[in-house]
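I opened this notebook to keep track of what I looked up in one structure, entry by entry. Each entry sets out a topic and then what I found.

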Amino acid sequence: MARMLPAQFDSSTASAAERKLFELLQHDPDTRDWVVLHSLGLSRRARKPYGEIDFVVLVPGHGVLCLEVKGGRIACLSGRWETTSGVGKTHVMNRSPFLQAREGMFALRDSVLNRAPQGFPSGLLHAYAVVMPDVTFTEHSPEWESWQIVDHEALKRPISQSLLRLASEQRKLHPNTSAGEPSSATMRTLQQLLRPDFELVVTRGAQIEDTEAQLLRLTEEQFHALDLLCDNDRCLFEGAAGTGKTMLALEYARRTAAAGKRTLLICFNRLLGDWLEHQAAESDQPQNLAAGRFFKQLREVIISSSVAGDFLEEESRGQTTDLFDSVYPLCGVLAVEERNQPFDVLVMDEAQDLLRPSILDVLNSWLKGGLAGGRWAIFGDFQRQAIFNPTTGEELKALLESTAGHFTRGRLTMNCRNTRNIGEETALLSGFSSPPYRMGQVVGLPVDYHYYNSARKQRDALADTIRQLLADEVSAADIIVISRLRLANSGVAGVDGGNSFRLAEAGEHVQFGSRVPVIRFSTVQAFKGMESPAVVLCDVEQVSDQEPQAMLYVAMSRARSQLIMLVHAKTQPLIAECVRRKLQENWRKIP
């Protein structure tokens with residue numbers, strides 16, 4: 001895939017057509033080793049003091065291609081060109097887009113030749129074209145050749161095909177241009193002349209830090225959700241990954257505890273439970289807030305009860321399914337009733353993994369008034385996150401309704417965890433026909449794909465990726481490597497970080513002040529409910545079946561600001577097709 005300069009699309013650029021072309025160039029597998037410069041400014045264009053070329057594409061061995069992009073409806077009336085956007089706004093052009101592209105091409109060529117070092121090829125091929133991604137353009141004129149047009153029909157094929165044809169046809173007109181250029185050396189010189197490396201002073205660490213600051217805010221939707229919780233005793237909130245369920249659950253639990261209500265905040269996952277427990281300890285009223293993994297919280301009650309002996313005997317037989325499905329609930333109900341200290345408020349996160357009849361029996365005893373008459377807030381994603389519970393989302397909600405009776409329902413639709421790039425590509429690769437949430441306004445860094453065809457190449461890719469992140473001033477504490485497999489079974493097991501880094505299981509004790517940065521590793525299942533500024537997802541072997549798609553949905557959505565994917569080469573065509581779907585207008589609409 002092409003190297004984009006800059007690496008991400010400028011969110012201040014209003015042109016949807018330019019965004020579409022940017023993503024097509026970025027994700028076309030056949031643009032490997034190409035360099036694409038978006039919005040290249042020119043200090044002089046023809047007789048004008050300044051100008052801009054929408055895209056300059058450097059194609060090794062073929063030439064320098066200058067592209068003018070015109071989106072929306074295109075018209076030429078009495079020699080006057082105009083475009084009309086999707087909202088009906090018309091823009092009149094002073095001259096034809098073909099003339100604009102031609103002027104930009106010559107201005108670029110002259111600028112390069114005037115500043116090029118000795119030995120630079122003077123016969124380098126230059127070509128220009130007009131890209132009209134929203135219309136089919138079949139008009140004819142002496143002003144342009146058919147191969148200088150890339151329209152809606154042409155973009156149904158890979159963009160690389162149209163641009164290679166452009167270079168080929170232009171070379172037929174100018175057979176004396178330098179063959180085999182630009183070479184690798186010429187490409188480096190062109191890049192330095194057109195967009196020097198001083199633009200790289202903003203490190204990836206700084207970009208992630210800026211993105212994090214923009215993401216870590218409660219949205220207006222979440223404030224409305226808190227109001228709904230305050231006005232209703234029993235609420236079920238549904239929301240896709242990244243819509244802020246955990247943060248909202250924690251904030252509500254803090255508020256009820258601060259109001260003097262004994263509050264129980266529970267989840268399913270161990271790592272998330274440990275984090276919630278830590279957050280509760282630092283709250284204003286820690287004595288009123290018990291938080292953590294459901295089974296850990298329940299075990300503490302059981303161990304202090306008269307059924308502790310029976311429970312410990314069963315527990316000594318191992319962590320079996322029967323232990324969690326039968327022994328915990330049975331002993332839990334007895335222990336909770338014996339203690340007779342029900343909570344005033346119940347807050348449940350990860351409901352898709354906890355809504356089971358046996359667990360609901362325990363909660364009925366643990367909550368003052370029970371589920372039908374007590375005060376509770378339950379948060380869940382009933383679409384793709386139930387990787388521990390085979391029951392469908394509708395069945396889970398029906399179970400809660402049969403147990404608790406009437407309750408208020410709310411829906412969280414704004415993705416406030418992930419950047420737009422991560423949110424969109426998570427939904428695409430997870431098999432959604434349209435986004436399960438509304439995207440935020442923080443575009444962020446692009447999702448970075450690295451393809452491998454062997455365990456050794458995946459290990460090498462991981463080592464290079466982590467070294468580059470650390471060199472880009474991303475903190476080791478902000479990076480996590482996750483996989484559907486345990487580390488011992490993963491393709492990255494035994495990765496050699498040398499003196500650059502060490503890979504360690506999440507939760508492993510790390511000596512404070514370690515000289516070698518420690519990068520955490522976790523399974524997707526264990527990291528469910530958690531999040532990190534930068535995530536490297538490895539061992540991605542499939543993206544098309546329901547089970548791996550559910551795992552991808554959980555895994556990819558853990559990343560807030562930077563997502564790097566290590567995926568098997570066989571998935572490359574499917575990923576390219578998913579990215580192509582992202583460009584369709586109806587994809588961006590929530591059902």
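The entries below follow the order in which I looked things up.

**Entry 1: ground rules**

I noted that this is a predicted model, in which local features need pLDDT of at least 70 and side-chain atom pairs count only at pLDDT 80 or more, while totals for chains, interfaces and linings use all residues. Residues are numbered from 1 along each chain as its sequence is written, and side-chain values use heavy atoms, with hydrogens and water left out.

**Entry 2: cavities**

I began with empty space, since rolling a probe the size of a water molecule over the atoms shows where such space is left. A cavity here is a set of points, on a 1 Å grid over the protein atoms alone, where a 1.4 Å probe fits but cannot get out, and its lining residues have an atom within 4 Å of a point. Grid points are joined across faces, edges and corners, and a volume is the space filled by probe spheres set on the points.

How many cavities of 30 Å³ or more does a search of the whole structure find? I found 4 of them, and the largest has a volume of about 70 Å³. Its lining includes Gln8, Phe9, Arg19, Phe22, Glu23, Asn421 and Lys582. The elements that give two or more residues to this lining are helix H1 (16-27) and helix H16 (420-429), where helices (H or I, at least four residues) and strands (E, at least two) are DSSP runs numbered from the N terminus. H1 gives the most, with 5 residues.

I also sorted the lining by class, and it has 3 nonpolar, 4 polar and 4 charged residues. In this scheme Ala, Val, Leu, Ile, Met, Phe, Trp, Tyr, Cys and Pro count as nonpolar, Asp, Glu, Lys and Arg as charged, and the others, Gly among them, as polar.

**Entry 3: strand S19 and its partners**

Next I asked why strand S19 (residues 518-523) counts as largely enclosed by the rest of the structure. The reason is that 5 of its 6 residues are buried, where buried means under 20% relative accessible area, exposed over 50%, and partly exposed in between (1.4 Å probe, protein chains only).

Two strands pair if DSSP finds at least two bridges between them. Strand S17 (residues 479-483) pairs with S19 in the parallel sense over 4 bridges, and strand S18 (residues 502-505) also runs parallel to S19, joined to it by 4 bridges. I traced Arg520 in S19 to both partners: Ile480 stands opposite Arg520, and Ala504 stands opposite Arg520 as well.

**Entry 4: nonpolar cores**

A nonpolar core is a set of buried Ala, Val, Leu, Ile, Met, Phe, Trp, Tyr and Cys residues joined through side-chain atoms within 4.5 Å. The largest one has 51 residues, and those with the most contacts inside it are Leu265, Leu429, Leu537 and Met565. Helix H7 (residues 245-258) gives the most to this core, with 6 residues. A second, separate core of 41 residues includes Leu323, Cys331, Leu360 and Leu363.

I then followed Leu429, leaving aside its neighbours within four places in sequence, and found among its contacts (heavy atoms within 4.5 Å) Tyr449, Val543, Met565 and Cys578.

**Entry 5: Gly491 and Asp539**

Is Gly491, in the loop between S17 and S18, buried or exposed? Gly491 counts as buried, at 15% relative accessibility. Not counting residues up to four places away in sequence, Gly491 touches Ala455, Gln458, Arg459 and Asp539.

I went on to Asp539, which is found in strand S20 (residues 532-540). Asp539 has a positive phi of about 60 degrees although it is not a glycine, and at 3% relative accessibility Asp539 counts as buried.

**Entry 6: other backbone details**

Ser39, in strand S2 (residues 35-42), also has a positive phi, near 55 degrees, in a residue other than glycine. Ser39 counts as partly exposed, at 21% relative accessibility.

Finally I looked up cis peptide bonds. One joins Leu5 and Pro6, with omega about 0 degrees, and Pro6 lies in the loop between strand S1 (3-5) and H1. Another joins Glu181 and Pro182, with omega about 5 degrees, and Pro182 has its place in the loop between H3 and helix H4 (184-194).

Definitions and conventions:
On a 1 Å grid over the protein atoms alone, a cavity is a set of points where a 1.4 Å probe fits but cannot get out, and a pocket is an open set with protein on both sides within 12 Å along at least five of seven lines; lining residues have an atom within 4 Å of a point.
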